[in-house]
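Here are some notes for a colleague who is opening this structure for the first time. They are meant to be read with the structure in view.

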Amino acid sequence: MKNNFTIKKTNTNHADFRLLISHLDNELWNELKEDQATYDQYNKVPGLPTAVLVYENETAVASGCFKKNDDHTVEIKRMFVEKEYRRKGLSKMVLEALEKWAASLGFQYAILETSIHFEAAKTLYQNAGYAIIPNYDQYIGLEESVCMKKKLMSSQPSEFKQLGNIEYFDFEEDFIEDGIRCIPMIIRFKLDKAGIKLKLGEWVKFSSEEKIRLAFLECNEEKEIKNYQELAASLVHHYTHKEATELLVDENPAWENKTMVPAELLQKAMEAENTISKEQWQSLTILQRFALLKLCRSSHENKNFPIALKEFGLIR
């Protein structure tokens, strides 16, 4: 039977939140023994209005909250998932909800503390984009602590939202992976032609001006493609001191063929209980065709496929 998980914003005085935190505290005392006496005093979160709970039907199974650390930063606290619900992605669900909430309130960073003994937690946070930092505030000098920090995704529109003269799709505003707004399709399209694979960790280091330049720079003729390749590669090297990853250029990409709807696109549309006719395929712009094929992939992009179909006028 498929799990039916829902997430709810609440406060730390909520009865379900307090129940889960009592379970968390029991685990911490059992795991850390007398060391927990030091940390327990720092774990108190009474009266915070910024907590989330994950429910399976009517049962609360995961929790987390954040509190203000300073005008720019929140501290993530009290992350917990009941044992029988672990390895189902609930920790990630809670963390993303807290980060999005904090960003919507204008905070720019999130910090947190975990124990050197909790490798799974450390891995979760690192995979979510947190980097280890020197211990802060009350954790300074505590060798059992690992402190981490992440720049939050801004709730403000991207630098591409109001630009004219380029194609930029509405769904791309919410096209986010690990808290980072993904590379726009117009730039991915040109990178594919130039044979450069740009990673999110590289992209996020570029300035707004550099990103916009990549969006507008022509990449059609052989000389233009070479210039684009050199610019992208130089930016990667500038920010990472590493060579850019090369990408095999498809000389006959499916998006270029207007006479035939690609089989993988038809299959994906069928899975979404839709279809795409030859006439519809021909009515799309080159970038729309490119985007749909990218969104066919079985990855984080997949969820944007039906949204793009609607935006492109292929379904109601």
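Which helices are included in what covers the buried residues of α7? The points below begin with that matter and then move outward.

1. The model is a predicted one, and the remarks that follow should be read with that in mind. The cover over the buried residues of α7 includes α5, α6 and α8, which answers the opening question.

2. Within α7 itself, the buried residues are K211, L214 and A215. Around the axis they cover an arc of only 105 degrees, and they therefore sit on the same side of α7. The face of α7 turned away from that buried side carries E209 and R213, both of which are exposed. The general geometry of helices is worth recalling here: with 3.6 residues a turn in an α-helix, residues three or four places apart point the same way.

3. The pairing of α7 with α5 can be described further, since the axes of these two helices come within 8 Å and cross at roughly 65 degrees, and the crossing is left-handed. On the α5 side the contact is made by I186, I187 and K190, while α7 contributes K211, L214, A215 and F216. Three of these α7 residues, K211, L214 and A215, are the ones named above as buried.

4. Helix α8 covers residues 222-240, which is 19 residues, and from its first C-alpha to its last it reaches 27 Å, close to the 27 Å expected at 1.5 Å a residue. Its buried residues are Y228, L231, A232, L235 and V236. Seen down the axis of α8, these fall within an arc of 130 degrees, so they line one face of the helix. On the face turned away from the buried side, α8 carries the exposed residues E222, K223 and H238.

5. As for what lies over the buried residues of α8, the cover includes α5 (185-194), β10 (196-197), α6 (200-203) and α7 (208-216). Just after α8 comes H241, which has a positive phi, near 60 degrees.

6. A separate place to inspect is strand β7, which spans residues 145-151 and contains S145. Is S145 buried or exposed? Because its relative accessibility is 7%, S145 counts as buried, the cut-off for that term being under 20%. The side chain of S145 also makes a polar contact with the side chain of E113, at 2.8 Å, and a reader may wish to locate that pair in the model.

Key
Residues are numbered from 1 along each chain as its sequence is written. This is a predicted model: local features need pLDDT of at least 70, side-chain atom pairs count only at pLDDT 80 or more; totals for chains, interfaces and linings use all residues. Side-chain values use heavy atoms; hydrogens and water are left out. Helices (H or I, at least four residues) and strands (E, at least two) are DSSP runs, numbered from the N terminus. Buried means under 20% relative accessible area, exposed over 50%, partly exposed in between (1.4 Å probe, protein chains only). A polar contact is a pair of N or O atoms within 3.5 Å; within protein, one must be able to donate a hydrogen and the other to accept it, and residues adjacent in sequence count only if both atoms are side-chain atoms. The expected span of a helix is 1.5 Å times one less than its number of residues. The arc is that of the directions from the helix axis to the C-beta atoms. Contact means heavy atoms within 4.5 Å. Axes are lines fitted to C-alpha atoms, for helices over the stretch in contact, and angles run from 0 to 180 degrees between N-to-C directions. A crossing is left-handed if the near helix is turned anticlockwise from the far one by less than a right angle, and right-handed if clockwise.
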